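Biologist: I would like a close look at a single part of this protein, the paired strands, set against the whole chain. Please take me through it with care.

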Amino acid sequence: NGAICIQPCSPSFHGETSFVCEERKWQMFTDACANLDVQSLFQPVHGKPGDTGKYFGSDDLGNSNCQADFSCIIPDILSSPAIPGNIADIVELLKKISLLLSVNVDRGKMQSYSRIANHILNSSVISNWAFVKDRNASSILLDSVNLFAGKLLLKNGSESIQEHFISTKGYSVHKNSSGKSFDFSMKFNNTANITGQVVIPEEELFKLPKTSKAISIAFPTLGAIIETSRLDPVSVNGMVLSVSLPEELLHILLTFEKVNKLENVKAVCVGWHSTERRWDNRACKMKSNNISNVVCICKHHHRTFKSFSILMSPTMLRNAMLDYITRVGLGLSIFSLVLCLIIETVVWHHVTKTEITYMRHFCLVNIATSLLVADVLFILAAIVHNAALNYELCVAATFFLHFFYLALFFWMFTLGLLILYGLLFIFFKITKSAFITAAFFIGYGCPLVISILTVAITVPKNGYLRTGGCWLNWYETKALLAFVVPALSIIVVNVVVVVVVVVKTGRSSVGEGCKSQDLSSMIRISKNVALLTPLLGLTWGFGLATIVDSRSLAFHVTFALLNAFQGFFILLFGTLLDRKTREALRMNCLSSR
């Protein structure tokens with residue numbers, strides 16, 4: 001039974017130790033694979049049996065040509081849609097082939113293998129990789145291709161196998177060879193090509209004791225695919241170039257053409273650490289860098305560093321001024337919100353003598369609390385992302401960040417409803433307990449429902465987090481709309497409320513139906529809403545602008561300023577500029593003296 005070759009072995013099986021288990025598993029592996037039938041490899045590994053088996057052409061596996069180069073399965077695979085489930089199955093299939101059928105890899109086998117890999121490396125299916133359940137699928141694919149291509153047999157001293165999105169080249173090399181180079185020019189998308197070059201220096205070839213082979217593989221789209229499953233705030237800006245070289249060859253020269261030829265972003269030469277599954281800048285150093293190309297000197301290691309590329313951050317502008325503004329602004333915002341809550345505690349009994357004023361200050365306290373918690377979580381999310389790159393912690397931080405930012409807006413919405421209640425329902429009185437219940441349901445209940453639904457819908461598809469930070473995804477699943485739509489809708493509603501206040505306060509009927517004290521309170525609340533709503537709207541308007549034009553430093557700086565100083569705005573317009581609050585503070589100071 002060929003399936004036994006890939007079944008996991010539990011250390012607790014029959015009470016065995018881990019070492020004994022591994023030894024028994026290896027013996028079973030060798031016994032079973034001695035007479036392995038190719039057909040056992042091509043069974044679907046996701047979903048119900050038969051769901052994807054039709055894509056793998058299992059009916060034709062009995063003929064000898066198929067077992068020689070497994071070409072019989074290619075038509076069904078190429079005709080299958082490259083949806084996430086099929087991508088995962090094909091990655092698993094390529095992994096099995098690399099582990100079990102990499103003996104005597106001739107041109108026919110390599111062509112069939114490349115055509116299968118090319119199907120899921122197509123630039124048109126990059127976004128589908130974001131929904132593949134196994135976040136290491138792209139890394140597994142890279143390792144599998146490197147392993148299989150490294151066994152390629154060279155006919156007449158050279159070989160070249162070209163597909164649109166994967167290219168393999170091989171040469172025989174010996175110590176008397178001049179410097180050997182592999183040149184690639186490949187399609188990145190439907191409109192552009194990019195180039196890459198691998199050079200083995202002549203001084204390295206002198207180290208070879210005998211004639212050997214050198215293999216190089218180029219992937220123009222794999223860098224973008226790897227990005228979809230990682231949290232690193234970087235972008236791969238060239239093709240991924242892999243090598244399979246003799247152990248004696250340690251240093252190679254690589255030239256990468258940049259995909260995005262931008263002057264204001266940093267380029268870094270990196271190697272893919274195959275055991276830790278991450279990009280590592282210790283593997284390479286930069287030799288030269290210009291507007292279109294980067295030349296790297298990289299250290300090859302047959303176990304850890306076999307694949308190389310260049311990294312940039314075109315969508316994550318790292319600017320010293322931007323970081324400074326964010327740190328100072330958040331510090332001031334947190335200080336302002338803490339001061340606001342202290343002032344509210346001190347003056348609470350003086351400013352909550354009527355139902356309307358009680359409700360107003362109750363909303364203001366919850367607005368300040370929500371933003372304070374969100375600001376603290378913002379700092380924690382940055383620490384989690386930068387220090388640990390822990391996916392689960394990042395999801396948790398994003399969930400609570402989403403919840404408390406939404407709570408900020410829904411409490412603003414509650415404040416708007418309070419204005420309408422005071423102006424339009426002047427003969428209907430609501431008790432404090434009823435108001436508190438309704439306010440908590442709107443202020444915290446609605447954000448909780450939206451946050452939970454967002455997680456439940458997008459996390460199973462690996463589309464909750466955006467690439468490069470602990471925040472909601474935009475490009476793949478549009479999860480950010482679960483924040484943007486409620487927030488902007490509330491801003492629009494509150495603007496309408498302010499217009500209603502302007503119209504109503506100009507009519508004498510309002511003054512006849514309301515107490516003058518309540519009318520004064522309504523006007524003060526309306527001023528708060530009229531000032532804070534445009535500021536919040538402007539802040540998140542620039543937040544959307546940073547998504548639309550992610551390279552604009554002006555948008556990023558403006559958003560950072562407005563976002564970081566929201567706490568100060570709430571202290572200023574909600575507390576310090578309120579006449580009743582200032583009078584209560586003055587009275588409190590005089591009484592304490």
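Modeller: What follows begins with the whole chain, turns to the paired strands, and then takes in a helix and two loop residues.

This is a predicted model, in which local features need pLDDT of at least 70 and side-chain atom pairs count only at pLDDT 80 or more, while totals for chains, interfaces and linings use all residues. Residues are numbered from 1 along each chain as its sequence is written, and side-chain values use heavy atoms, with hydrogens and water left out.

The protein has 18 helices and 13 strands, the helices (H or I, at least four residues) and strands (E, at least two) being DSSP runs numbered from the N terminus. Of its 593 residues, 50% are buried, where buried means under 20% relative accessible area, exposed over 50%, and partly exposed in between, with a 1.4 Å probe and protein chains only. Among contacts (heavy atoms within 4.5 Å) between residues at least 6 apart in sequence, 74% join residues at least 24 apart.

In the part you asked about, strand β12 (residues 293-299) runs antiparallel to strand β8 (residues 251-257), and seven bridges join the two; strands count as paired if DSSP finds at least two bridges between them. One of the bridge pairs sets His251 against Lys299 of β12. Strand β11 (residues 284-289) is also antiparallel to β12, through five bridges, and here Met286 has Cys296 of β12 as its bridge partner. A hairpin of three residues leads from β11 to β12.

Elsewhere, helix α13 (residues 481-504) has 24 residues that should span 34 Å at 1.5 Å a residue, and its end C-alpha atoms are 34 Å apart, which agrees; the expected span is 1.5 Å times one less than the number of residues. Its buried residues include Phe483, Pro486, Asn494 and Val501.

Two loop residues also deserve attention. Most residues other than glycine have a negative phi. Asn104, however, has a positive phi of about 55 degrees although it is not a glycine; Asn104 sits in the loop between α4 (84-100) and α5 (107-121) and, at 53% relative accessibility, counts as exposed. Asn156 likewise has a positive phi, near 60 degrees, and it lies in the loop between α6 (137-149) and β1 (158-162), where it is exposed with a relative accessible area of 76%.
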